[in-house]
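Student: Please look closely at a single part of this structure, the metal site and its surroundings. I would like one connected account.

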Amino acid sequence: MKKTGIVRDNRYMEHVMGYGHPECPERLAAIYDMLDKEMGGLLLGIPAREANREELAYIHSEHYIDEIASTSGIASTYLDADTQTSAGSYNAALLAAGGLMKAVSMVNAGTLDNAFALVRPPGHHAERSRAMGFCLFNNVAIAAMHARKKLGLDRILIVDWDVHHGNGTQHSFEDNPGVLYFSSHQYPHYPGTGSYGETGRGDGEGYTLNIPLPTGYGDGDFVSIYDKVLKPAALEYKPDMILVSAGFDIYIDDPLSRMNVTPEGFAGLTSLLMDLADSCCEGKMVITLEGGYHVEGQRDSVKAVLEEMAGLRKSDISDLIARANDSIVDFAIKPVLEIHRKYWKSL
Ligand SMILES: [Zn+2]
């Protein structure tokens with residue numbers, strides 16, 4: 001058994017974007033219910049805390065922080081065509097970023113082996129001065145800066161398997177070699193960014209690695225792509241910690257997207273990332289919840305990820321890779337390898 005921590009707080013459910021919105025409190029309620037009924041006592045609770053202003057300003061403008069703060073206590077504010085706030089949203093957003101930072105600190109200190117921040121609102125679409133795509137503050141980007149500035153870590157690998165490209169995360173670090181941003185995503189799809197050619201700029205050139213995918217990729221395909229592209233690049237980069245933007249909208253029945261991943265595939269990806277973390281950074285890995293809109297599928301997939309993290313199951317990665325469709329895997333990775341060979345010797 002590993003010491004696996006979870007960030008969990010009922011105040012994350014006080015962020016409500018309106019009736020019928022897919023990014024709903026029920027997403028977390030189903031996960032928390034599963035934790036109580038099926039994983040009681042196996043995971044260690046991490047108390048959430050609020051992010052402070054200095055921490056939010058690692059990534060966001062002062063003006064934008066004020067704009068989100070001004071929504072506090074107001075029943076409904078529209079920030080974007082699909083992003084709204086309720087009275088409790090600002091506080092939930094502070095607790096999401098702060099809870100993730102707490103998890104990062106505890107894993108870095110060795111108090112925990114790894115951790116999963118089960119938080120809302122998600123963050124990877126949030127830009128410096130703009131809420132978008134159901135995201136208010138960019139939790140994973142703030143946490144990466146916290147690891148670099150406050151914990152003294154040099155190199156952070158952010159892996160984003162959400163079906164949507166994490167435009168906000170990419171833009172936060174595109175000129176910064178201290179963060180390697182790796183994203184696989186359905187393409188073309190919301191938000192429109194994430195093409196092969198977006199590789200970073202200035203000192204950060206080569207440290208943005210995008211894998212745009214057509215629809216229909218399944219468990220073995222994802223694991224094979226991560227094995228062939230992420231694994232060599234990550235072993236060459238040697239991160240001091242791995243952060244994961246885990247979106248469960250690559251789930252086979254997700255209503256917003258068209259990928260075919262099942263709980264077995266999520267466990268396989270987790271296993272592959274844990275192996276990388278063991279090789280590079282004493283297993284230090286922290287996962288945060290991004291999207292995922294099939295409530296039951298997400299619940300079952302999160303359970304599989306947590307079981308893998310805690311050492312309660314061990315996926316057979318080579319068996320998953322053997323089940324990949326090699327022609328669609330090659331189609332996806334060939335242009336990536338061609339573009340990134342000049343940055344990464346291992347590719
Ligand atoms: Zn998503």
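Tutor: Asp162 counts as buried because its relative accessibility is 1% (buried: under 20%; exposed: over 50%; partly exposed in between; 1.4 Å probe, protein chains only). This is a predicted model, in which local features need pLDDT of at least 70 and side-chain atom pairs pLDDT 80 or more, whereas totals for chains, interfaces and linings use all residues. Residues are numbered from 1 along each chain, and side-chain values use heavy atoms, without hydrogens or water.

Asp162 gives the zinc ion two OD entries in the list of donors, which is completed by ND1 of His164 and OD of Asp249, at 1.9 to 2.7 Å (donors: N, O and S within 2.8 Å, or 3.2 Å for Na, K and Ca; without water, sites may look incomplete). Along the sequence, the spacing of these donor residues reads D-x1-H-x84-D. Since Asp162 sits in the loop between β6 and α6 and Asp249 in the loop between β9 (241-246) and α8, the pair ties together parts that are 87 residues apart in sequence (DSSP runs: helices H or I, at least four residues; strands E, at least two; numbered from the N terminus). Asp249, with a relative accessible area of 0%, is buried too.

The loop between β6 (156-160) and α6 (167-173) also holds Trp161, whose partner Phe266 lies 105 residues away in helix α8 (residues 263-281). Their rings form a tilted aromatic pair, 6.0 Å centre to centre with 50° between the planes (pairs: Phe, Tyr or six-membered Trp ring centres within 6.5 Å; stacked under 30 degrees, edge-to-face over 60, tilted otherwise). Trp161 and Phe266 are both buried, and with Phe116 and Phe248 they form one aromatic cluster.
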